[in-house]
Amino acid sequence: MAPTIITKTEKLVGQRIRRKEDPRLITGTATYVDDIQMQGMHHACIVRSPYAAAKIAGIDTKAASALPGVVAVFTGADTKDVGPVPCGASLPGLRVPYHHILAVDRTYFAGHPVAVVVATDRYIARDGAELVEVDYDPLPAVADPEKALEAGAPAVHPEWADNIAFNFHQEGGDTAKAFAEAEVVVKQRITSQRLIPTAMETRGVVADYNTGDEALTVYSSTQIPHLLRTLLAQMLGLPEHHLRVVAPEVGGGFGSKLNVYAEEALMGFVAMRIGKPVKWIESRRENYLCTIHGRGHVDYYEMAARKDGTILGLRLKLIQDLGAYHQLLTPAIPTLSVLMMPGLYRFKNIQADIVGVFTNCVPTDAYRGAGRPEATHGIERMVDILAAELKMDPVEIRMKNFIQPEEFPFATATGLIYDSGNYDAPLKKALELADYPGLRRRQAEARKQGKLMGVGVSTYGEICAFGPSPATPAGGWECATVKIDPSGKVTVGTGASPHGQGEETTFAQIAADELGVGMDDVVVVHGDTAVVPYGIGTFGSRGTAVGGPALYYALQKLKEKIKKFGAMLLESEDVTFVEGRCVCNRSGKSVSLAEVAGASYRAMKLPPGEDPGMQATYFWEPPNFTFPFGAHIVVTEVDADTGKIAVSRYIAVDDCGKIINPLLVDGQVHGGVAQGLGQALFEQAVYDENGQLLTGELMDYAIPKATMMPWVESHHTETPSPVNPLGVKGVGEAGTIGCTPAVVNSVVDALSVLGVRHIDMPMTPEKIWTLLQGGQA
Amino acid sequence: MKIGGVYQLPVARDRAYSMLQDPAILARCIPGCGGLNRTAGNEYNMQMKLALASISGLFEGKVRITEQNPPESFRLAVEGKGKIGFMKGDGLLRLVDKDGGTEVSYVGDVQVGGTIAAVGQRLLDTTAKMMIKRFFDQLAECAGQ
Amino acid sequence: MIAQNFEYSSPASLEEALQMMAGGDAKILAGGMSLIPLMKLRLATPGHLVDLSRVPALDGVTEEKGNIRVGAMTTHFQVESSALLRARCPLLAAAASHIGDMQVRNMGTIGGSLAHADPAADYPAALFALEARVRLLRVGSDRTIALSDFLVDTFTTVAEAGEMIREVIVPVEEAGTGVSYQKLVQPASGFAIVGIAARIRKSGGKISMARVGVTGLGPMPYRAVGVEKMLEGTAGTADDIRKAASVVADGVDANTDIHASAAYRARMAAVYAGRAIQAAVSRAA
């Protein structure tokens with residue numbers, strides 16, 4: 001559908017409007033970290049360990065230091081007082097290894113930073129890095145989380161005898177009773193493989209220290225500039241008010257930039273030591289080796305049910321591959337999986353045991369969905385496995401177990417309060433769009449001809465809009481500032497730090513509607529701690545769902561002030577603010593927003609009790625999470641000769657509450673589905689048994705390309721969230737969460753004629769072919 | 001990565017075995033080897049230049065021969081470290097009389113790390129096989145002299 | 001991702017380029033789709049790069065006495081879209097259309113690809129089926145050899161120091177020949193897990209000529225002569241094709257990597273050989 005052309009009187013919220021940020025992005029005039037140039041800027045290149053585990057017997061930096069153009073070489077001995085790299089998550093009994101910014105005497109994963117070479121240009125820095133001689137004594141490594149749990153496995157951190165970072169138990173209801181009463185129990189091992197987030201822009205940092213002011217400015221490709229500032233100040237021992245963090249244009253994050261990395265502190269350290277600006281730009285190879293990975297689950301599920309399909313309870317043993325360290329949220333991610341375990345279903349007996357396991361790999365952390373795709377994949381697979389066991393239709397079994405609209409608010413066994421939902425609605429709409437009975441007829445005919453066709457149905461529920469502060473490590477609120485210039489133009493500042501989601505457009509829509517001005521009268525600024533007030537950041541589908549309400553309330557606050565100034569100018573108490581004008585309801589006289597704003601700055605006269613100026617700030621604390629939901633239906637055809645899977649139809653019906661801009665929502669769904677298809681069909685971070693990353697480049701790590709995508713039919717139902725005044729819920733992760741189980745369910749359905757019950761991702765042609773030969777994939 | 005294979009050498013088993021222990025012959029047969037320097041009984045240092053299509057790199061390496069059981073079997077370990085990564089190979093070689101010559105079979109493990117491991121995945125197996133083939137082809141040539 | 005220092009030359013004539021190459025330590029830049037990534041990772045560290053992109057008349061497709069000459073610097077996109085090749089040697093154009101992605105096809109060249117001798121490149125399958133020849137130039141030498149003599153091993157050709165590919169020579173396809181290139185693609189790199197090119201001619205209801213080229217399966221691409229022999233003289237029924245295709249991997253030490261095991265590759269070679277031959281047979285008049 002083409003974007004709509006807006007007539008003046010129409011509301012902007014709800015319209016398909018093209019993004020305000022796109023012209024600069026598509027004409028190459030946006031400023032990313034690597035576009036930043038500064039007088040006297042130096043360049044850093046990081047020396048990294050080729051071994052997953054090794055003792056550092058010695059580092060010789062003489063040759064590197066002697067290279068003309070190299071100004072400094074630092075090793076772990078120089079930086080050991082900086083840091084540690086912080087972990088923001090806390091769990092009872094959590095083992096937290098000390099995470100130096102440069103390895104001190106041992107390396108823990110392939111790519112571990114060991115030294116940094118600083119030079120007058122990038123080329124010399126790279127040449128210098130090659131001259132740093134590191135004497136490594138290789139040690140045994142372990143890369144597989146289940147092997148890491150075996151007796152006698154190499155200890156990733158020698159200070160602990162085993163590789164268990166934590167055990168976490170959560171239980172709700174009476175699971176033992178549920179399983180004792182069950183008429184049927186199905187069990188399955190389900191994995192969610194390690195993925196590499198692969199943002200188009202790799203990470204990058206520019207650090208600039210002003211020795212006169214003793215002030216440091218760090219430009220970083222980050223999703224969380226404010227949190228980064230707070231944590232970086234601690235790492236560097238710098239007063240927080242002497243540190244400014246700027247997130248310039250950020251070319252994608254998907255959670256991989258919801259973090260505080262060693263390199264961010266390292267560049268701050270270097271800039272302070274050399275007194276000159278320094279730039280580090282991550283190569284794609286470093287990005288794959290050293291930026292967090294996602295997923296990394298091995299899950300053992302057991303589901304108890306009655307013969308009529310009523311689900312009674314669920315047990316899960318979850319093995320989380322943590323990698324070698326905890327990054328910002330590493331150990332918290334699997335706990336989100338547990339929160340999500342009830343899915344959309346009524347059963348209240350759940351038992352989950354998480355084992356967090358250290359491996360000699362780069363840490364895992366939040367990647368689009370962060371714990372929730374893993375959980376949704378698990379439960380939606382289990383529901384299909386149960387349906388197959390009971391010979392029930394996958395749609396029927398879901399509808400039988402859904403929480404019904406009148407049951408909200410619904411307290412789950414994992415301690416959440418689902419506020420609203422109408423789970424039948426998107427599923428029914430998807431079934432209708434797909435012509436589900438017609439698909440089943442076609443499938444029956446295809447089977448007669450010996451063809452393998454599958455229909456996969458998956459529903460999902462999400463926890464979004466992180467979140468109420470008590471449930472979030474660093475506060476879960478968001479902030480907005482609205483400022484009207486003397487000329488009547490509007491600047492919105494948001495503490496959420498959008499990086500591709502399009503809030504410069506959606507927030508302008510919200511502000512323009514509330515203030516009765518045009519889209520072009522509003523700019524949205526973000527990502528600079530010196531420009532916008534403190535905020536938490538964009539992740540967990542919270543940018544619009546938490547940042548949007550903060551903006552809404554700031555606008556209401558400002559509208560009160562506008563009305564007071566309007567009343568003063570119109571010399572009337574009975575004034576309405578409508579269509580960008582203050583109107584006297586008696587005389588019909590009006591003044592424009594610009595006239596009101598101008599008067600507020602000139603301040604010749606002030607309304608009683610009012611300050612000059614036209615600006616309002618609001619910090620909004622959400623009372624609850626939001627709970628979006630949806631249904632995806634996927635039709636696949638499997639080539640019996642090769643095992644190749646073709647996705648012939650993809651129908652997504654997502655309920656993300658009130659839609660501010662359908663064009664952007666569809667874009668989020670398309671992107672999410674692309675990453676879901678990537679996981680379902682080909683993506684996989686592969687380490688060999690010695691901890692070498694074999695998918696170290698885009699030549700071996702298969703991300704989905706445009707030409708590989710099916711047409712995604714994106715549709716919606718709209719059940720407004722009662723949690724916030726906009727009724728929005730968040731949609732950034734919906735596609736990734738809904739996708740993988742729908743695709744796997746579809747392929748398992750196609751292969752069910754051969755007795756196949758489950759297939760682990762990625763479903764590569766060879767894996768499918770092996771199953772078709774009667775083997776174990 | 002597991003490797004394994006069989007080669008036929010046109011010499012008697014005793015001669016084949018002694019060739020395979022001879023540093024001068026090994027130096028000629030290990031692809032890119034610039035010569036072996038004995039450091040201990042059956043341990044040698046070497047410099048190796050790997051050159052394959054556009055890829056090239058210098059490696060500081062070691063060769064070690066252990067578990068000698070003439071003329072039937074021995075273990076050969078080769079390792080190299082360079083700027084583009086490291087590699088380590090360890091294999092058990094068995095010699096049997098066959099068709100008037102000697103059949104050498106090997107099974108072992110190859111470990112590769114660093115840049116070459118991460119970017120050359122697609123070609124590692126092919127390349128390892130080619131290097132081993134070159135080694136034995138060269139050995140067969142030496143045997144013929 | 002920063003290359004080591006190197007000297008860069010961009011000669012304006014063939015003579016100049018050959019003179020630069022004569023020293024023997026220069027490396028040709030012919031599109032750079034494989035070389036540049038290797039240089040950025042410092043896996044390749046040539047001291048001197050000779051960029052052929054400014055040398056006139058090194059690209060282009062021309063017909064001459066029953067042959068088509070494809071200049072070494074002809075891009076994959078030029079090969080794919082050449083009206084002459086599409087009409088007179090469609091197999092080569094078809095193979096080119098499967099290479100990498102649009103960006104790679106706009107930059108990469110046929111000469112660069114052949115000189116790199118990647119065991120999974122698309123061109124060699126078609127060029128083996130076409131019994132192509134390669135013309136090599138060096139100061140004082142101009143030789144034309146069969147592709148089967150040019151490629152000697154994984155990433156290895158017979159080109160000597162200072163020698164460069166001038167052009168690739170393929171025959172004008174006889175009317176009535178049916179051709180097809182079928183490929184199982186590795187989704188990350190776009191290289192072939194296996195790729196099969198087939199050319200079929202029929203006469204009197206029987207296959208009179210079969211040529212089958214294979215890439216991706218083993219240490220180097222090859223012509224599957226065994227398959228060809230089994231096809232020739234048959235009526236080209238589904239059964240004939242299946243039987244012939246089943247021997248495509250015989251005697252080949254199939255590659256294994258994280259994308260496909262040797263067993264799967266070998267089996268897919270047979271499946272894709274069957275498909276390519278079937279398509280070629282159906283197109284042969």
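Here are some questions and answers on a predicted model, about one interface, one sheet and a few backbone oddities.

Q: What makes A:Asp127 and C:Arg42 a salt bridge?
A: Their closest N and O atoms are 2.6 Å apart. The rule asks for a Lys or Arg side-chain nitrogen within 4 Å of an Asp or Glu carboxyl oxygen, so this pair qualifies. Across the interface of chain A and chain C, the rule finds four salt bridges.

Q: Which elements of chain A give two or more residues to the side that touches chain C?
A: Those are helix H4 (122–131), helix H9 (284–290) and helix H20 (765–772) of chain A. H4(A) gives the largest share, five residues.

Q: How do you know what kinds of residues chain A brings to chain C?
A: Sort them by class: that side of chain A has 11 nonpolar, three polar and 13 charged residues. There are also nine residue pairs in polar contact between the two chains, counting pairs with both residues at pLDDT 80 or more.

Q: How big is the interface between chain A and chain C, in area buried and residues in contact?
A: About 2,000 Å² is buried, with carbon and sulfur atoms giving 61% of that. In residues, 27 of chain A are in contact with 21 of chain C.

Q: What makes E3 and E11 of chain A edge strands?
A: Each of them pairs on one side only. They sit at the ends of the order E3-E5-E1-E12-E9-E10-E11, an open sheet of seven strands with mixed pairing. From one strand to the next, the twist averages 20°.

Q: Why do strand E1 and strand E12 of chain A count as paired?
A: Pairing takes at least two bridges, and two join these strands, so they pass. The two strands run parallel. Within that pairing, A:His42 has A:Val278 as its bridge partner in E12(A).

Q: Which strands does helix H8 of chain A touch as it packs on the sheet?
A: Helix H8 (residues 262–274) touches E1, E3, E5, E9, E10 and E12 of chain A, and its direction makes about 30° with that of E9(A). Helix H7 (residues 225–236) of chain A packs on the sheet too, touching E10 and E11 of chain A, with about 140° between its direction and that of E11(A).

Q: Where are the cis peptide bonds ahead of A:Pro409 and B:Pro71?
A: One runs from A:Phe408 to A:Pro409, with omega near -5°, and A:Pro409 is in the loop between helix H12 and strand E16 of chain A. Another joins B:Pro70 and B:Pro71, omega about -5°, and B:Pro71 lies in the loop between strand E4 and strand E5 of chain B.

Notes:
Residues numbered from 1 in each chain as written. Chains lettered and ligands numbered in written order. Predicted model: local features only at pLDDT ≥ 70, side-chain atom pairs only at ≥ 80, totals over all residues. Heavy atoms only, no water. Contact = heavy atoms within 4.5 Å. Buried area = accessible area lost by both parts, 1.4 Å probe. Polar contact = N/O pair within 3.5 Å; in protein donor to acceptor, adjacent residues only side chain to side chain. Helix = DSSP H or I, 4+ residues; strand = E, 2+ residues; numbered from the N terminus. Nonpolar A, V, L, I, M, F, W, Y, C, P; charged D, E, K, R; others polar. Axes fitted to C-alpha atoms, helices over the stretch in contact; angles between N-to-C directions.
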